[in-house]
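Work through the following exercises with the model open beside you. Each one sets a task and then gives a solution in steps.

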Amino acid sequence: MNNSRTATEQLDKLGKRLQEVIESRKTLENHYERDVTTLSHFISRLSAACRGMDDELDHRLNKLRAELQKKPDIELVTPLFDEISLLLQQQGFKLQQQLRSTQEGVLSAGTSLQKLKGLTKEQRDELRALVSGADGPSASLNKYLPLLLQLLGLYERVVQTGNAAKNSAGEAITAKTTSGNTADLDETREELINLLSVVDFNGTAANAIQAVRQQLITGCTQRELLNYCMQIIRLIVKSISEERKSAQSFLAELNDALGSVHKVISESLTENNSANLAKNKVTASLQQSVSKLSMSVEKASHIDQLKTEVKHHVGEILLAIEKRQKMDTDEHLKLETNLKELQSRLHEMEKEAASYKKKLAEQKFKSLQDALTRLPNRTAFEERLELEYKRWQRYGTELTIAVADIDHFKRINDNYGHIAGDKTLQVIANMLQKALRDTDFVCRFGGEEFVIIFPQTTLSQVQEPLEIARKKIKQIPFKFRNEDISISISIGAAGFTQKSDTTLSVFERADRALYKAKEQGRDVVVLDEQR
Ligand SMILES: Nc1nc2c(ncn2[C@@H]2O[C@H](COP(=O)(O)OP(=O)(O)OP(=O)(O)O)[C@@H](O)[C@H]2O)c(=O)[nH]1
């Protein structure tokens, strides 16, 4: 009895235990199934995300997905895992390489676009930000793809802008170009306007060139700009050929005059020779008459015969003397006429040469003078500085130079027009010259920049006059479009002090001092205290 109860209890226990094992196995299987489902979902999503990267990888991932959808035998799918893992590793390398070349591509395309002329300020800013964003350690495709798209967008806009400019030129649209997308056109136009203000032309070309400058100031299309350039070139060629003609006609006249002088002199010489021959003949006949007279005196035995013969010979002698006198008078007259003719031709030549000399001097003066401000120009500055530099080297006298630049001058042009800008330049140039001593050499270096040479003056001695000039310029009451404007200048100065100083090195120091003046907020004089 006891034995059978014990056996029943053990069986129950075993049954329970089996039940527990079955349930735990079921739970395990459930977990396994859930894990496999999660894993297969995950692999499905991962393979979907990776789809298109690589055909081989796509194929293996599809296969894995299919295996996982069945009840997978891990042993069977393990080789598939290994293959996929290897492919993923290779894909990783490929991706890094592609990232690097995408970065290089974005950088190179961006920098090429930066070099292109005619971008607007916004485009330049956008491009600068884009290029600096692409520079740096490679990150992910997510970083570069948007940059690439942005760059493509920029290229597209720039291409459209370029086409618009081309169309406006091709179709001769008459609208004047002032918009920002023709920055290069405006830049060239401004440069041309400024260049024409510096050169002073002669003759008929001068007015025509001024007229072209005025037209350029009012604005133009690309095609008009080209036309203006052509007009200017034609005018310059015309001016040069006028000059050449005038020089040629002067030389031709000089040649004529020399020819006639030569003719007069050789005629005089021939006449002089024949006159001399004739005079010699008369002298010979005179000598003959005298010797005949003396022979008659010797031979004469009667006074009456002597009288007759003497009378005859004296008559002959008188005739010869008269003839000789007449010859002398004629010769004298002829000589006088020839001399007068020579004098008048020489006088003409002198007059011609003097007028040519004057013209040359005027031209030389003009080539050293700035056409707009009438101040000496950059060439004159360079000539004079070279001379003062030699004096400084030889005699050790003091020498200082200053560079002055009008502050924010671009705003005057932009807000009130180029004509107002030109007027400002003239007024400031005039004031600068008036404010300084006559012995200081003030000239327009170019644009809105002036340079001053202070001979026999030290760096510290220029501070006061420069401050006075700066203040006087600030006080000029400019009025544009009914607005009262005050314009300031910044100045940098440097002195020649060291043996190693050259005109260039001192100019550069003065220029650096000017840069400091601009940095300090403008409207100041800064001395180069380097030495
Ligand atoms: N009207 C006129 N403008 C000129 C002439 N020569 C140069 N300019 C102008 O002068 C301006 C110089 O501008 P920037 O070099 O930018 O200098 P800024 O505006 O004076 O500014 P800061 O020098 O920095 O104070 C440009 O707009 C030139 O076109 C000229 O002969 N006539």
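**Exercise 1: The two sides of a helix**

In helix 6, the residues Leu-185, Arg-189, Ile-193, Leu-196 and Ser-197 are buried. The model is a predicted one, and the task is to work out how these buried residues are placed around the axis of helix 6 and what they pack against.

Solution. Step 1: Begin with the extent of the element, since helix 6 spans residues 183–198, which makes 16 residues, and reaches 23 Å from its first C-alpha to its last, close to the 22 Å expected at 1.5 Å a residue.
Step 2: The buried residues cover an arc of only 105° around the axis, and they therefore sit on the same side of helix 6. An α-helix has 3.6 residues a turn, so residues three or four places apart point the same way.
Step 3: Turn to the other side of helix 6, where Glu-187, Glu-191 and Leu-195 are exposed.
Step 4: Find the partners of the buried residues of helix 6, which pack against helix 7 (203–217), helix 8 (222–299) and helix 12 (418–435).

**Exercise 2: The shell around the ligand**

Determine how many residues surround the ligand, and which helix gives the most to the shell.

Solution. Step 1: The ligand is surrounded by 19 residues, the closest being Asn-194, Phe-409, Lys-410, Gly-421 and Gly-447.
Step 2: Assign the shell to elements: helix 6, strand 1 (399–406), helix 11 (409–416) and helix 12 each supply at least two residues.
Step 3: With four residues, helix 12 gives the most to the shell around the ligand.

**Exercise 3: A hairpin**

Describe how strand 2 and strand 3 run relative to each other, parallel or antiparallel, and how many bridges join them.

Solution. Step 1: Strand 2 (residues 441–446) is mostly covered, as five of its six residues are buried.
Step 2: Strand 2 and strand 3 (residues 449–455) run antiparallel and are joined by five bridges, with Cys-443 standing opposite Val-451 of strand 3.
Step 3: The hairpin has two residues between the strands, and Gly-447 takes a positive phi near 50° in it. Gly-447 is also one of the closest residues to the ligand.

**Exercise 4: An annotated span**

Establish what share of residues 332–366 is helix and how far apart the end C-alpha atoms lie.

Solution. Step 1: The annotation "coiled-coil region", taken from an unreviewed UniProt entry, covers residues 332–366.
Step 2: In the model this span is 100% helix and 0% strand, and its end C-alpha atoms lie 50 Å apart.

Terms used. Residues are numbered from 1 along each chain as its sequence is written. This is a predicted model: local features need pLDDT of at least 70, side-chain atom pairs count only at pLDDT 80 or more; totals for chains, interfaces and linings use all residues. The expected span of a helix is 1.5 Å times one less than its number of residues. A residue is buried if 20 or more other C-beta atoms lie within 10 Å of its own, exposed if 12 or fewer, and partly exposed in between; C-beta atoms are placed from the backbone. The arc is that of the directions from the helix axis to the C-beta atoms. Two residues are in contact if their C-beta atoms, placed from the backbone, lie within 7 Å. Two strands pair if DSSP finds at least two bridges between them. UniProt positions are given in the numbering used here, feature names are shortened, and annotations may be inferred rather than shown by experiment. A residue is near a molecule or strand if its C-beta atom, placed from the backbone, lies within 6 Å of it.
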